[in-house]
Amino acid sequence: VAHDLLPLCDVLTPNQFECELLSGIPIRAREDAIRAMGVLHDKGPDIVLLSSCSYHHDPKRLEALVSCKENGIQRTYAALFPKIEGHSFTGTGDVTAAVFLAWLWRMPRDPCSALEYALSTIQMIVRETADRGGGELRLIQCGPRIPKPRITVDAVRVARPKTAIRGLIFDMDGTLTKPGQLDFRKIREQLGLDPTQDIVQSLRSLPQQQQTSAESVVEALEVEAMASAELMDGCAEVLQALRSEGYKLGISTRSCLKAVEEFLRVAGLPDTTFDTIVTRNYKAVKPQPEVALDICSGWGLSPEEVVLVGDSTDDIVCARGAGCVSCLLSPKEENLFSTPRGARIADYHVSNLYDAARLATNSLGDG
């Protein structure tokens, strides 16, 4: 049956025993699991979710891995989560697979985030069940929380191949400029939004006439902020040096194009500094991986050859989902937008643009 069905399969969700059986590889460590998933890729499926692995050296935790293969490159992400002792649970693998597929349908280019949502969901369900004495999984009781789980499990890129870097994508506010140049509180007040509402998504949800008016308000505030922006130390020097050395350069920002143009003027940089500029008017915005994927495609580079440098979790999630090297920039004296989760899932964490540039000019391997 496996011989006939695997070539037809797009997504495969085995547990450890099933993965060993289908691949013929005993799994004793993460390296075995990655190799086994590679064998399964060769049999057909582009995405393999290994829902749980138990390693002898870490008896109190389980590990889930998701692997995707595109253009001959295997990208693997791993997430550790605690075993919940004292109870036996039935159906956790099935629920994990179902929730993973649901999230993958919503974010087909980001299996890593789908893995985080799936594991966070099943952990929430299992804990709820354990608190009530075990038994049948409390799916109905947890139902209202399943569509919007709180992320409690982090996934990271593992086994990254050593690749020469040929391009860099930079966030703007808080990365090329010092943190806090844009007053998001003021923007939300002008738009009548509460502190939790996403500005870009709120703009896109407005009727066309209101959207045009609101865009004008936000655009004016963004341009005003960039006109007096304090640049990150070495900003112009680093960008000019990278440009002169032949690296592809891009900006990915949730601000408007006029704000980027104002930033270039303040920085004393020519309009030709960046090969690609992606603003919030693009079809996708961070953290969607399509932002970075489309930039890489336009440059003719694989994501493995590109570093995305940013100061927020959205930047890191975008890079991770695309397969780019993710670099969280968080100046030591300023930590306004650097979140603990961003630091946990980033490949690299630097405190200045000079160190971010060195990631490109030095060889990169596993972060």
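This passage walks through a few backbone features and one loop residue in a predicted model.

A good place to start is the peptide bond between K286 and P287, which is cis, with omega at about 15°. P287 sits in a loop, the one that runs between β8 (276–278) and α12 (290–299).

Next come two residues with positive phi. N71 is not a glycine, yet its phi is positive, at about 55°. This residue belongs to the loop that links β3 (61–70) with β4 (73–82). As for its surroundings, N71 has a relative accessible area of 76%, so it counts as exposed, the cut-off for that label being over 50%. A159 is not a glycine either, and its phi is likewise positive, at about 55°. Here the loop is the one between β5 (156–158) and β6 (167–170). A159 has a relative accessibility of 44%, so it falls in the partly exposed class, which lies between the 20% and 50% limits.

That leaves H87, found in the loop between β4 and α4 (92–106). With a relative accessibility of 32%, H87 is partly exposed. Leaving aside residues up to four places away in sequence, H87 is in contact with A130, G133 and G134. I73 is another matter: H87 and I73 are 14 residues apart along the chain, and their C-alpha atoms are separated by 39 Å.

Note on methods
Residues are numbered from 1 along each chain as its sequence is written. This is a predicted model: local features need pLDDT of at least 70, side-chain atom pairs count only at pLDDT 80 or more; totals for chains, interfaces and linings use all residues. Side-chain values use heavy atoms; hydrogens and water are left out. Helices (H or I, at least four residues) and strands (E, at least two) are DSSP runs, numbered from the N terminus. Buried means under 20% relative accessible area, exposed over 50%, partly exposed in between (1.4 Å probe, protein chains only). Contact means heavy atoms within 4.5 Å.
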